[in-house]
Amino acid sequence: MQRLRSWSSDVVHLDLSPLPPPPSSSTSSNNTPMSTISGGGFSIDEDESSEIRIRRLISENPVIIFSRSSCCMCHVMKKLLATIGVHPTVIELDDHEIASLPAPPGHDTLSSRNPAPAVFIGGTCVGGLESLVALHLSGHLVPKLVEVGALWV
């Protein structure tokens, strides 16, 4: 079963829902069950919950966008960051997975607004498109990207 599907050169559809238990014949050379799936630069531990997987992906990528399929706001976010010289990791989530996104600072939950797309820079939730554009217009986006190592000037 393939869990990572590339839609384009810069978007990965990552199904974070738990997998059914592997067949008993799926063991490694030392007879321990294999519980990790790798592909496209990502590895997924099947025993992780969606929340833990999302938090791990956030911590492993300097700039990451979580989006829904065919999200026009995500496209604008990617174009803005590409214009600056940053190519973020983009993860497309299903509706049930979006609820696992951590809330940005100052929000109790993401349910009070549209949670996707959500951009994380250096492990911190910036928010959606409006927040990203506001950060850029205020002159704070480029220094933040340099600080996390996503951009070299």
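The search for aromatic contacts in this predicted model returns 1 aromatic pair, where rings of Phe, Tyr and Trp (its six-membered ring) pair if their centres lie within 6.5 Å, and planes under 30 degrees apart count as stacked, over 60 as edge-to-face and the rest as tilted. The ring centres of Phe 66 and Phe 120 are 5.7 Å apart and their planes stand at 85°, so the pair is edge-to-face. Distant parts of the chain are linked in this way, since Phe 66 belongs to strand β5 and Phe 120 to strand β7 (residues 118-121), 54 residues apart. Helices (H or I, at least four residues) and strands (E, at least two) are DSSP runs, numbered from the N terminus. Both Phe 66 and Phe 120 are buried, a word that here means under 20% relative accessible area, with exposed meaning over 50% and partly exposed in between (1.4 Å probe, protein chains only).

Before going further, a word on conventions is welcome. Residues are numbered from 1 along each chain as its sequence is written, and side-chain values use heavy atoms, with hydrogens and water left out. Because the model is predicted, local features need pLDDT of at least 70 and side-chain atom pairs count only at pLDDT 80 or more, while totals for chains, interfaces and linings use all residues.

Taken as a whole, the chain holds 5 helices and 8 strands. Read from the N terminus, the order of elements is β-β-β-β-α-β-α-β-α-β-β-α-α. Of the 153 residues in the chain, 43% are buried.

Strand β5 (residues 63-67) runs parallel to β6, with 4 bridges between them; strands pair if DSSP finds at least two bridges between them. Ile 64 has Thr 89 as its bridge partner in β6. Between these strands the chain passes from β5 through helix α2 (residues 72-84) to β6, a β-α-β crossover that is right-handed: with the strands pointing away from the viewer, the path from the first strand over the helix to the second runs clockwise. Within β6 (residues 89-92), Thr 89 and Ile 91 point one way, Val 90 and Glu 92 point the other way, and all are buried. In a regular strand the side chains alternate between the two faces of the sheet.

Strand β5 also joins β7, this time antiparallel and again through 4 bridges. Here the bridge partner of Ile 64 is Phe 120, the residue whose ring pairs with that of Phe 66. Strand β7 is covered on both faces, with Ala 118 and Phe 120 buried on one side and Val 119 and Ile 121 buried on the other. A further 3 bridges connect β7 to the antiparallel strand β8 (residues 124-127), in which Cys 125 stands opposite Phe 120. Cys 125 counts as buried because its relative accessibility is 9%. The hairpin of β7 and β8 has 2 residues between the strands, and Gly 122 takes a positive phi near 60° there.

Helix α2 deserves a look of its own. Its 13 residues should span 18 Å at 1.5 Å a residue, and the end C-alpha atoms are 19 Å apart, which agrees; the expected span is 1.5 Å times one less than the number of residues. Cys 74, Met 77, Lys 78, Leu 80, Leu 81 and Ile 84 are buried in α2. These residues lie on the same side of α2 because they cover an arc of only 160° around the axis, the arc being that of the directions from the helix axis to the C-beta atoms. Cys 72 and Thr 83 are exposed on the other side. Just after the helix, Gly 85 adopts a positive phi of about 115°.

Several cysteines have now appeared, yet the whole structure contains 0 disulfides, a disulfide being a pair of cysteine sulfur atoms within 2.5 Å. For Cys 71, which is in no disulfide, the nearest cysteine sulfur is that of Cys 72, at 5.6 Å. Cys 71 counts as buried, given its 17% relative accessibility.

Finally, Ser 59 lies in helix α1 (residues 50-60) and is exposed, with a relative accessible area of 60%. The C-alpha atoms of Ser 59 and Thr 124 are separated by 8.9 Å, although 65 residues apart along the chain.
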